[in-house]
Amino acid sequence: MTALLDTAVDETTAVDAPFDVLDAVLTGSVHTPDDPGYGPLVSPWNLAVPVQPAAVVDARTGQDVATAVRFAGAFGLGVGVQATGHGAVRGITGDLLISTKGLDELTVHPEGWARVGAGVKWLRVIEAAAPLGLAPLNGSSSDVGVVGYTTGGGVGPMARTYGLAADRVRAFDVVTGDGVLRRVTPTEHPDLFWALRGGKGTTGIVTAVEFDLLRMSTFYGGAIYFDGADTARVVEAWRHWSATLPEQGTTSFVIFQLPPLEFVPPPLAGRMTLGVRFLWTGDPAEGARLLDQLRAVAPVVLDDAALKPYTAVDSVHADPVDPMPVIDPAILLRDFPAEAAELLLAVAGPGSGSPQVLVEVRQLGGAYAREAEHPNAFDHRDARYSLLVVGMAPDPAAPGHAEAVFSALADWDTGTVWPNFGPVHDARSARRAYDEATRRRLAGIVATYDPDGVLTPGRWTRDTD
């Protein structure tokens with residue numbers, strides 16, 4: 001089995017470049033490690049990933065980004081990008097990190113679309129769209145940045161109903177490795193439009209994105225939780241129940257081991273529990289009837305599913321928002337039969353000694369599996385499930401156990417992963433995120449727009465074999 005967890009990469013760099021000259025021509029600013037502003041700009045959400053560039057640009061305009069990229073090209077520096085920090089990975093920070101969190105424009109149009117800057121998180125879009133009866137196709141946590149999530153494909157809590165966030169993009173503003181700020185649409189630079197939807201940061205630094213919204217103000221859903229002792233029964237029932245679930249519903253289950261902290265609901269704290277997540281976009285009564293089928297399987301220790309305003313969508317996954325040090329590898333599965341469920345529970349269920357905070361199986365299919373109107377660089381639409389493991393990085397048992405979880409399900413492992421769950425930083429990780437044709441097409445686009453290899457996220461394309 002291919003190792004899924006990265007080894008440490010020394011990103012400490014010694015760079016001799018006149019950053020003061022760059023600082024003088026920007027609307028934003030440049031910070032080096034001895035500046036007070038450096039730490040907040042480079043620190044990622046995952047505190048286990050060291051980010052230590054020679055300097056960081058606090059960009060405030062698209063032209064700031066373009067100027068910084070041209071500067072880097074002139075002095076032979078590699079450029080990385082970070083906004084909210086959720087996609088941080090060793091190996092792609094570069095010598096000069098461009099922070100786009102200051103690109104905070106947001107406009108929601110009543111006719112049903114939005115334009116947002118690269119520093120905007122989903123929560124702002126959700127709150128701005130709600131008064132108009134609109135909703136975005138956001139991720140499982142509204143604390144995640146719009147651009148990073150969308151360029152990685154964007155598989156969210158309504159994926160089976162409405163597909164991917166990338167499929168709803170209208171346009172990008174992007175700075176490519178040659179330092180040019182371009183507007184990209186299906187007809188303007190269509191090669192970049194293909195690449196930026198699923199290709200993550202390989203082919204450019206997105207400064208703004210425009211996308212369609214949904215006419216949606218409420219949903220039925222949330223999560224219901226069971227005692228860990230009932231895990232096997234509920235998972236088996238979930239397998240059969242989800243197999244006949246209409247596309248109006250998207251679901252996952254998660255094995256939790258949450259610490260006894262004050263922000264954790266008492267029924268879930270300090271014990272193993274099983275959560276079933278559910279978001280239903282159809283008639284609320286029908287959604288409740290469907291979920292009642294699982295409620296009847298075993299006693300429910302906490303029931304959070306109800307008819308809710310879309311602004312409560314975070315309650316479905318209840319992902320943490322505070323930065324923390326984690327390991328969070330994932331794989332995609334071609335199927336999840338009874339044998340796979342039994343093997344998973346043997347290594348990660350009750351009595352297994354699992355050190356993981358959570359182990360999630362997410363059902364795919366439906367609109368997720370269908371190609372978009374405009375083809376894009378997102379692969380693996382034929383996967384039927386995803387498997388995510390999250391453990392605390394300081395726990396020395398967590399990485400090895402994660403590998404054991406994936407090994408247990410090797411017979412159903414597709415050998416692939418989403419770019420958002422397995423960030424691409426070298427040829428090996430690229431082979432997991434993209435099929436061969438996609439890798440080679442991305443490499444050709446990088447060669448066109450970044451011939452000198454300035455953008456570090458695209459450097460893996462130099463070796464696509």
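**Exercise 1. The second largest pocket**

Task: In this predicted model, find the volume of the second largest pocket and sort its lining by class.

Solution.
Step 1. The volume of this pocket is about 170 Å³.
Step 2. List the lining. One stretch of names is Asp167, Arg168, Val169 and Arg170. Pro186, Phe193, Arg197 and Asp212 also line the pocket. Ala372, Glu373 and His374 complete the list.
Step 3. Sort by class. Six lining residues are charged, four are nonpolar and one is polar.

**Exercise 2. Glutamate 210**

Task: Decide whether glutamate 210 is buried or exposed, and list its contacts beyond four places in sequence.

Solution.
Step 1. Locate the residue. Glutamate 210 belongs to strand 10 (residues 205–212).
Step 2. Apply the cut-off. Buried means under 20% relative accessible area. Glutamate 210 has 8% relative accessibility, so it counts as buried.
Step 3. Look around it. Glutamate 210 touches Trp113, Ala114 and Arg115. Its other contacts are Arg168, Val169, Arg170, Ala171 and Arg183.
Step 4. Link to Exercise 1. Arg168, Val169 and Arg170 contact glutamate 210 and also line the second largest pocket.

**Exercise 3. The nonpolar cores**

Task: Describe the largest nonpolar core and name the helix that gives the most to it.

Solution.
Step 1. The largest core holds 71 residues. Those with the most contacts inside it are Phe19, Val57, Val69, Leu96, Ile98 and Phe211.
Step 2. Helix 3 (residues 62–74) gives the most, with six residues.
Step 3. A second, separate core has 42 residues, including Val234, Trp241, Leu333 and Ala398.
Step 4. Zoom in on phenylalanine 19. Beyond four places in sequence, its contacts are Val30, Thr32, Ala54, Ala55, Phe71, Leu77 and Leu96.
Step 5. Recall the general trend. In soluble globular proteins, nonpolar side chains tend to be buried together.

**Exercise 4. Strand 2 and its partners**

Task: Which strands pair with strand 2 in the antiparallel and parallel sense?

Solution.
Step 1. Strand 1 (residues 29–31) runs antiparallel to strand 2, with three bridges. Here histidine 31 has valine 56 as its bridge partner.
Step 2. Strand 4 (residues 96–99) is parallel to strand 2, over four bridges. Valine 57 is partnered there by isoleucine 98.
Step 3. Check the faces of strand 2 (residues 55–58). Ala55 and Val57 lie on one side, Val56 and Asp58 on the other, and all are buried.

**Exercise 5. Strand 14**

Task: Why is strand 14 largely enclosed?

Solution.
Step 1. Count the buried residues. Nine of the ten in strand 14 (residues 271–280) are buried, so the rest of the structure largely encloses this strand.
Step 2. Find the pairings. Strand 12 (residues 218–227) joins strand 14 by eight antiparallel bridges. Strand 13 (residues 249–258) joins strand 14 by ten, also antiparallel.
Step 3. Place the pairs. Isoleucine 224 faces valine 276 of strand 14. Leucine 258 stands opposite arginine 271.

Note on methods
Residues are numbered from 1 along each chain as its sequence is written. This is a predicted model: local features need pLDDT of at least 70, side-chain atom pairs count only at pLDDT 80 or more; totals for chains, interfaces and linings use all residues. Side-chain values use heavy atoms; hydrogens and water are left out. A nonpolar core is a set of buried Ala, Val, Leu, Ile, Met, Phe, Trp, Tyr and Cys residues joined through side-chain atoms within 4.5 Å. Buried means under 20% relative accessible area, exposed over 50%, partly exposed in between (1.4 Å probe, protein chains only). Helices (H or I, at least four residues) and strands (E, at least two) are DSSP runs, numbered from the N terminus. Contact means heavy atoms within 4.5 Å. On a 1 Å grid over the protein atoms alone, a cavity is a set of points where a 1.4 Å probe fits but cannot get out, and a pocket is an open set with protein on both sides within 12 Å along at least five of seven lines; lining residues have an atom within 4 Å of a point. Grid points are joined across faces, edges and corners, and a volume is the space filled by probe spheres set on the points. Ala, Val, Leu, Ile, Met, Phe, Trp, Tyr, Cys and Pro count as nonpolar, Asp, Glu, Lys and Arg as charged, and the others, Gly among them, as polar. Two strands pair if DSSP finds at least two bridges between them.
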